[in-house]
Amino acid sequence: MKKKTLIALNWKMNPSTLKEARALFNDTKKAAQKARGLETVICPPFPFLGALGEKFKPSKTLSFGAQDVFYEQKGTFTGEVSAVQLKSVNATYVIIGHSERRALGESDEVVNQKVVAALKAGLNVIFCIGESNRDDHGEYLEFLKNQIESGLTGVTRPQLKRLYITYEPIWAISSGKDDKDDDSINGHDLHQMVIFIEKILREMYSAKSSLNVPVLYGGSVSAENIRTVIDEGEVKGCLVGGKSLTAKTVTALLTSAYTR
Ligand code: PGA
């Protein structure tokens, strides 16, 4: 089992300039170096990943990840980026199946192709699942089960060592505009979801190999709620968007995440 709590920082389509990206990277690096019990993964947009990652050596406390990857290795695919290209700029992680990409039309099938290709190429995969809303009859659980089963089709037991599943209920993801609307899940409900996801993994793989897959949580995680999310939700880390974007919020977030 991967031991460190993983905090993946999803910058999404931010910041606007390379200069700002460098400043945010330097501030994040300082905070991450103090947070020794964590592995922090910075996931910038592709241009900044290339610029910042090129001379960067991943360590036990800090690594780089991409927000997406294409499933082919090279060729005539305008606008796409391959796993090999990501590795060449020192990215060791990739987020796949984020709800914001699914909302742009990415199907379960494409997500699966990307997961399989990225794992085969040796990247660590942060595979995202999440329902847009909850019904009273548990249909959302069936929806999540399908997302997991289709996303992991063809993934082998040894590859699970490089897989993370992030549960990101779409209703809990922040708008990025108005903090007051942010609505994270409560610790008890999150723990129920972790148990549910672990059960599906056990059914798909063996009990032993499914232990290799940490379940993470994403959705309005902040310095204020990250301890509840980790301690009560019993997740092995978080995917953080909005609060990864300023020196102040990311430092507070990482400090809370490792301070007990
Ligand atoms: P948020 O984003 O922390 O701003 O809710 C999380 C995500 O979408 O990965």
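## Strand β5 and its neighbours

In this predicted model, Ile126 of strand β5 is the bridge partner of Ile95, a pairing that belongs to the set of four bridges by which strand β4 (residues 91-96) and β5 are joined in parallel. Towards strand β6 (residues 163-167), β5 again pairs in the parallel sense, here over five bridges, and Cys128 has Thr166 as its bridge partner in β6. To pass from β5 to β6 the chain goes through helix α6 (residues 139-151), and the β-α-β crossover that results is right-handed.

How many of the six residues of β5 are buried? Six of the six residues in this strand (residues 124-129) are buried, so β5 is largely enclosed by the rest of the structure. In a regular strand, side chains alternate between the two faces of the sheet. For β5, both faces are covered, with Asn124, Ile126 and Cys128 buried on one side and Val125, Phe127 and Ile129 buried on the other. Ile126 and Cys128, which lie on one side of the strand, are thus also residues named in the pairings, Ile126 with Ile95 and Cys128 with Thr166.

## Strand β3, between β2 and β4

Strand β3 (residues 62-66) has five of its five residues buried, so this strand too is largely enclosed by the rest of the structure. Leu62, Phe64 and Ala66 point one way from β3, while Ser63 and Gly65 point the other way, and all of these residues are buried.

Three bridges join strand β2 (residues 38-43) to β3, and the two strands run parallel; within this pairing Ile42 stands opposite Phe64. β3 is also joined to β4 by three bridges, again with the strands running parallel, and Phe64 has Ala91 as its bridge partner in β4. The chain crosses from β3 to β4 through helix α3 (residues 83-88), in a β-α-β crossover that is right-handed.

## Strand β6 and its pairing with β7

Strand β6 is mostly covered, since five of its five residues are buried. On one side of β6 the buried residues are Leu163, Ile165 and Tyr167, and on the other side they are Tyr164 and Thr166, which leaves both faces covered. Beyond its bridges to β5, β6 pairs with β7 in the parallel sense over three bridges, and in that pairing Ile165 stands opposite Val215 of β7.

## The surroundings of the ligand

Which residues surround the ligand? The shell is made up of Asn10, Lys12, His98, Glu168, Ile173, Ser174, Gly219, Ser220, Leu239, Val240, Gly241 and Gly242, and these residues divide into three nonpolar, seven polar and two charged.

Three side chains of this shell come with distances to oxygen atoms of the ligand. For Lys12, an N or O atom of the side chain is 2.7 Å from a ligand oxygen atom, and for His98 the corresponding distance is 2.8 Å. A polar side-chain atom of Glu168 lies 2.7 Å from an oxygen atom of the ligand. Of the 280 Å² of accessible area that the ligand has on its own, the protein covers 98%.

## Backbone features in the loops

Asn14 and Pro15 are joined by a cis peptide bond, with omega at about -15 degrees. Pro15 lies in the loop between β1 (5-10) and α1 (18-34).

Two residues other than glycine have a positive phi, Asn90 with a value near 70 degrees and Ser220 with a value near 55 degrees. Asn90 lies in the loop between α3 and β4, and its relative accessible area of 21% makes it partly exposed, given that buried residues are those under 20%. Ser220, which is found in the loop between β7 (215-218) and α9 (226-231), counts as buried at 15% relative accessibility, and Ser220 is also one of the residues that surround the ligand.

Conventions:
Residues numbered from 1 in each chain as written. Predicted model: local features only at pLDDT ≥ 70, side-chain atom pairs only at ≥ 80, totals over all residues. Heavy atoms only, no water. Near = heavy atom within 4 Å. Polar contact = N/O pair within 3.5 Å; in protein donor to acceptor, adjacent residues only side chain to side chain. Areas by Shrake-Rupley, 256 points an atom, 1.4 Å probe, with all protein chains shown as cover. Nonpolar A, V, L, I, M, F, W, Y, C, P; charged D, E, K, R; others polar. Buried < 20%, exposed > 50% of the residue type's maximum accessible area, 1.4 Å probe, protein only. Pairing = 2+ DSSP bridges. Right-handed = clockwise from strand over helix to strand, strands pointing away.
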